[in-house]
Amino acid sequence: MNRAKEIVLSSLGHTWILDLDGTLVKHNGYKIDGADSLLNGARSFIDSIPAEDYIIILTSRKEKYRNITERFLQENYIRYDALIFDIPYGERIVINDCKPGGLITSIAINMERDQGEFMKPVINRQL
């Protein structure tokens, strides 16, 4: 997949909504391999998100996998503010308003499953 390597953001605080399986970790690795494994670049991507930003991780995993999932994320230094289980398998739809100055306040990025092709967040003080 050929796309930009950076995502330019305003200097305002951000909310990151990230899928878990196939985006941060190998899809269904916890079932297939008996354990999760981080995709290449996942940790450095999380580390590149400003500390004051809010990170929500979504997963279709059943709630019964919460303990092993939280332990794995903690052991691999994957920070998050909310971890939501039992999300439906279909599309994730984000609906948001634009700021009066014209700032677009929602961005969607679709990644190839298990590829770990992360974009670098770049804070643009001019936006």
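Select Trp 16 first: Trp 16 stands opposite Ile 55 in β3. The strand labels follow DSSP runs numbered from the N terminus (E, at least two residues, for strands; H or I, at least four, for helices). The coordinates are a predicted model, in which local features need pLDDT of at least 70 and side-chain atom pairs count only at pLDDT 80 or more, while totals for chains, interfaces and linings use all residues. Residues are numbered from 1 along each chain as its sequence is written, and side-chain values use heavy atoms, with hydrogens and water left out.

Next, display β2 and β3 together; they pair in the parallel sense over 5 bridges, where pairing requires that DSSP finds at least two bridges between two strands. Then add β4: β3 and β4 also run parallel, joined by 3 bridges. Here Leu 58 stands opposite Ile 84 in β4.

With these strands in view, the open sheet of 3 strands reads β2-β3-β4. Because β2 and β4 (82-84) stand at the edges with a single partner strand each, one side of each is left without a neighbour in the sheet. On average, neighbouring strands are turned by 20 degrees against each other, direction ignored; axes are lines fitted to C-alpha atoms, for helices over the stretch in contact, and angles run from 0 to 180 degrees between N-to-C directions.

Return to β2 and show its side chains. Trp 16 and Leu 18 point to one face and are buried, whereas Thr 15, Ile 17 and Asp 19 point to the other and are not. Buried means under 20% relative accessible area, exposed over 50%, and partly exposed in between (1.4 Å probe, protein chains only).

Now select the aromatic rings. Rings of Phe, Tyr and Trp (its six-membered ring) pair if their centres lie within 6.5 Å; planes under 30 degrees apart count as stacked, over 60 as edge-to-face and the rest as tilted. The count comes to 2 aromatic pairs. Trp 16 and Phe 45 form an edge-to-face pair, 5.7 Å centre to centre with 85 degrees between the planes. Trp 16 lies in strand β2 (residues 15-19) and Phe 45 in helix α2 (residues 42-48), so the pair ties together parts 29 residues apart in sequence. Phe 45 is buried at 8% relative accessibility.

Finally, select Tyr 30 and Tyr 65, an edge-to-face pair at 4.9 Å centre to centre and 75 degrees between the planes. Tyr 30 is buried at 9%, while Tyr 65 is partly exposed at 21%.
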